[in-house]
Amino acid sequence: MRAGGRPGPAPAQAPPPVPRFALAGEVRRPALLTVTDLRNGWRQHRAAVTFDCAANGPQRHVFEGPLLREVVADAGPAFDARKRKDRSRFLLAVTGGDGHCAVLSWAEIDADFANVPVLLATWMDGRPLEPEGSQLVVPSDRCGARYVTAIARVWVGASPFAHSA
């Protein structure tokens, strides 16, 4: 309180922390990335999706963001890109802020294999995702179990059951 019993100005509040996720594992250039980094560092792709959510029923959304494969490729995964069998033994585990985790194989997103355009969304239905963080979007999935919100970590690594080709 100020002299005279009047309250003083409210203390300045720090802005909320910017959500970021770790890109880690068997990569040459691990990184901490924000939604803004994803939007400014890679070409953005759009996916109109429909999936069944166990809790909320059918969902329809339009997402925009870079391809997961391009973001991870820039981090330098520890495989020999010239060898298909070397690439095919790598996995990606994407974990959300709530602990939910989805696993994909590199072959699912690799252009020489399934070429699924999996996104690290920066926009959902025209709304920027900066407040909550990026979302994993798997457009080919009919159920929403591999849609991960508020991504906290993307781990890349070889299957522990595979050997180098």
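**Exercise 1. Is Cys143 buried, exposed or partly exposed?**

Solution. Before starting, note that this is a predicted model, in which local features need pLDDT of at least 70 and side-chain atom pairs count only at pLDDT 80 or more, while totals for chains, interfaces and linings use all residues. Residues are numbered from 1 along each chain as its sequence is written, and side-chain values use heavy atoms, with hydrogens and water left out.

- Step 1: recall the classes. Buried means under 20% relative accessible area, exposed over 50%, and partly exposed in between (1.4 Å probe, protein chains only).
- Step 2: place the residue. Cys143 has 43% relative accessibility, so it counts as partly exposed.

**Exercise 2. Find how many disulfides the structure has, and look at Cys101 and Cys143.**

Solution.

- Step 1: a disulfide is a pair of cysteine sulfur atoms within 2.5 Å.
- Step 2: searching the whole structure gives zero disulfides.
- Step 3: for Cys101, the closest cysteine sulfur is in Cys143, and at 15 Å that is too far for a bond.
- Step 4: Cys143 has its nearest cysteine sulfur in Cys53, 9.4 Å away, and is in no disulfide.
- Step 5: like Cys143, Cys101 is partly exposed, at a relative accessible area of 38%.

**Exercise 3. Work through the salt bridges of Arg46, Arg87 and Arg127.**

Solution.

- Step 1: side chains of opposite charge can pair when their charged atoms come close. A salt bridge here is a side-chain nitrogen of Lys or Arg within 4 Å of a carboxyl oxygen of Asp or Glu, and the structure holds ten of them.
- Step 2: Arg46 pairs with Glu64 at 2.9 Å, N to O. Arg46 sits in strand S3 and Glu64 in strand S4, so this pair ties together parts 18 residues apart in sequence. Arg46 is exposed, at 61% relative accessible area, whereas Glu64 is partly exposed, at 21%.
- Step 3: Arg87 meets Asp110 at 2.8 Å, N to O. This pair links distant parts of the chain, 23 residues apart: Arg87 is in helix H3 (residues 84-87), and Asp110 is in the loop between helix H4 (106-109) and strand S7 (119-121). Helices (H or I, at least four residues) and strands (E, at least two) are DSSP runs, numbered from the N terminus. Arg87 is buried, at 8%, and Asp110 is buried too, at 7%.
- Step 4: Arg127 and Glu132 form a salt bridge at 2.8 Å, N to O. Arg127 is partly exposed at 37%, and Glu132 is partly exposed at 32%.
- Step 5: now widen the view around Arg87. A network of salt bridges links Arg84, Arg87, Asp110 and Asp112.

**Exercise 4. Say how the buried residues of helix H2 are arranged around its axis.**

Solution.

- Step 1: list them. In H2 (residues 68-75), the buried residues include Leu68, Arg69, Val71, Val72 and Ala75.
- Step 2: look down the axis. The buried residues of H2 fall within an arc of 165°, so they line one face of the helix. The arc is taken over the directions from the helix axis to the C-beta atoms.
- Step 3: connect this with helix geometry. An α-helix has 3.6 residues a turn, so residues three or four places apart point the same way.
- Step 4: move just past H2, where Gly76 takes a positive phi of about 75°.
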